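Trainee: Can we talk through the inside of this one? I'd like to start with holes and then move on to packing.

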Amino acid sequence: MPLPRSIQGRLALGLCLGLALLWIAASVAALEALRRRMDEVFDSALQETAQRILPLAVMEIIDRGEGGAQRVASAEPHRERVAYVVRDEAGRTVLQSHDADAADFPDHPPLGFSSTHAARYYAETALQGSLTIVMAEPLEGRRHAVAQAARALAMPLLLVLVPLGFVGAWLLVRASMAPVRGLCAEIETRGGGDLRPLGADGLPTEIEPIAAAIDQLMERLRRALDAERNFAARSAHELRTPIAAALAQTQRLLAETHDDATRERALQVEDTMRRLARLAEKLMQLARAEGGRLLTEQPADCVPVLRVIADDLRRSTGLGDRLMLELPDAPVLTRLDPDALSILVRNLVENGARHGAPDEPVRVSLASDGVLRVVSAGPVVPADRLASLTKPFERGPTSARGSGLGLAIADAIARGARARLTLHSPATDRPDGFEARVSLAEPGPAGAAPTRRR
C-alpha cells in the first residue's frame with residue numbers, strides 16, 4: 001500500500017501503526033507469560049490430583065485383591081478433563097478412570113512430567129514401584145484458554161485502540177500542522193507580484209528554516225525582477241527621446257525632399273520609427289504590468305473607467321463606431337488600478353482590432369459578475385496556438401503587424417491582479433472569431449443586472 005503523500009497523513013498513520021505494533025508486541029509477551037503461568041498451574045493441579053488419587057487407588061486394589069483391570073464408575077456421564085490409569089510392575093492396567101482409554105497412555109512413561117502433541121502426562125509410583133499411576137490431561141483445554149486470552153487482548157485493539165488511536169493521532173497531527181497550512185495558504189493567496197517576506201511568527205521550530213529560506217529566495221527574486229523591470233522600463237524610456245528625434249527628422253526630410261526615391265526611403269524609415277516607438281511603449285507597459293502594485297486598497301466601480309477608456313480608444317485608434325461597449329447598469333467593484341485597467345483593455349482591444357476582420361466591430365462587454373469580454377471577428381485560431389499567445393513576442397497566424405506583446409501584457413496584469421486571462425476561439429456563440437475573457441470583480445454577491453449598449 002503506498003504511503004499518503006501528505007505529512008499529516010503519514011504522521012497519523014505512523015503513530016497509529018506504531019501504537020498498534022507496540023500493543024501487539026505487549027500482547028504477545030503477555031500471552032507468553034500467561035501461557036507459562038497456566039502451564040505451571042495446570043501441572044501443579046495434575047501433580048496434586050495424582051498424589052491424592054494414588055493412595056486411594058492403592059487401597060482399592062489391596063481391598064479387592066487379585067483381578068483384572070477395574071474401571072472407576074462415574075456418578076453421572078461426563079467428559080473427563082483429566083484421566084488416569086494405574087498399572088502394576090508388569091505393565092498391566094489394574095485401575096483406570098471411567099473415561100480413560102489405556103491405549104492413549106504410553107506404555108513406559110518416565111516419572112514426572114512428559115508431553116506429546118495431544119496431551120500432558122504425569123507419572124508417579126507407589127509400594128516401592130509395584131504400582132504406577134499415569135495422569136493424562138488433553139492440551140486442547142490449555143490451548144483453548146490461551147486462545148480466549150488472545151481474543152480478549154485483540155478485541156480492544158481492533159475495535160477501540162486502532163480506530164480511536166488513528167482519529168486521535170489525526171486530530172493531534174492536524175492541530176500541530178495548522179501553522180504549516182496557514183503558511184501554505186498565505187503563499188497560495190498571494191499575487192504574482194507580491195514578494196513580501198512571509199515571516200516566521202508562530203511557526204514550529206522545524207518549519208522556521210523553511211520560511212526563512214523562502215523569504216531569502218523571494219528577496220533574491222524580487223531584486224532580480226526589479227533589476228530586470230527597471231532595465232526594461234528605463235531602456236524603453238531612454239529610447240523614446242532618440243526615437244522621437246529620429247521620427248521628427250524623418251518627417252522633416254519628407255517635407256523638404258522632392259526626390260521620389262529619397263521620399264520612399266524616408267517613408268520606410270518613418271514607418272520603422274513608429275514601430276520602434278510602439279515597441280518601446282509596449283515594453284514600458286510590460287514592465288509596469290510585471291512590476292506589481294496593480295491593486296488598490298479599496299475597491300471602486302470600474303464601469304465609468306471603462307466608459308472613459310472606450311472614448312479614448314475611439315479617438316486614438318480610429319475605431320470609431322467599430323468599438324461597441326456593453327456595460328451593466330449596476331456598479332461592478334474591482335481593486336484593479338485604473339491605469340492597469342486601461343493598459344489591459346487597450347491591449348485587448350488593439351489586439352482584436354489589429355488581428356480581427358477589418359469590417360467587423362470589436363465588442364467590449366462587462367457582465368454584472370465582473371467578467372470582461374473582448375470579442376472580435378476573424379478566422380479561428382487553432383487550439384494549440386491559443387496557449388502560446390500570452391507569451392512575449394508570440395504572434396498568431398496572421399499577417400497583421402504587431403509587437404507580439406499585447407496579450408502578454410494583458411496576461412501579466414491579470415495574474416498580478418489575482419485573476420486569469422482566458423482565450424477562446426471561436427468566440428462564444430459564434431462559429432469564428434477570437435475572445436479574451438478576464439474577471440475584474442471584487443469577490444462578493446453578484447446580482448443580475450441588465451446591460452446597455454453604447
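Mentor: Sure. When I name helices and strands, I mean DSSP runs, numbered from the N terminus, with at least four residues for a helix and at least two for a strand. Keep in mind that this is a predicted model.

Trainee: Which element gives the most to the lining of the largest cavity?
Mentor: Searching the whole structure turns up 1 cavity of 30 Å³ or more, with a volume of about 40 Å³. Three elements, α6 (303-317), β8 (323-328) and α7 (338-355), each put at least two residues into its lining. The top contributor, with 4 residues, is α6.

Trainee: How many nonpolar residues are in that lining?
Mentor: Look at who lines the cavity: among them are Leu306, Ile309, Ala310, Val345 and Val364. By class, the lining has no charged and no polar residues, and its nonpolar count is 9.

Trainee: Which element gives the most to the largest nonpolar core?
Mentor: That core has 42 residues, and Leu336, Val349 and Leu440 are among those with the most contacts inside it. Elements giving two or more residues include α6, β8, β10 (362-366) and β13 (434-439). The biggest share, 8 residues, comes from α7.

Trainee: How many residues does the second, separate core have?
Mentor: First, a last look at Leu440: leaving aside neighbours within four places in sequence, Leu440 is in contact with residues including Cys302, Leu333, Gly370 and Leu372. The second core is separate and includes Val86, Val94, Tyr122 and Ile133. Its size is 16 residues.

Conventions: Residues numbered from 1 in each chain as written. Predicted model: local features only at pLDDT ≥ 70, side-chain atom pairs only at ≥ 80, totals over all residues. Heavy atoms only, no water. 1 Å grid on protein atoms, 1.4 Å probe; cavity = no way out; pocket = protein on both sides within 12 Å on 5 of 7 lines; lining within 4 Å. Points joined across faces, edges and corners; volume = space filled by probe spheres on them. Nonpolar A, V, L, I, M, F, W, Y, C, P; charged D, E, K, R; others polar. Core = buried A, V, L, I, M, F, W, Y, C linked by side-chain atoms within 4.5 Å. Buried < 20%, exposed > 50% of the residue type's maximum accessible area, 1.4 Å probe, protein only. Contact = heavy atoms within 4.5 Å.
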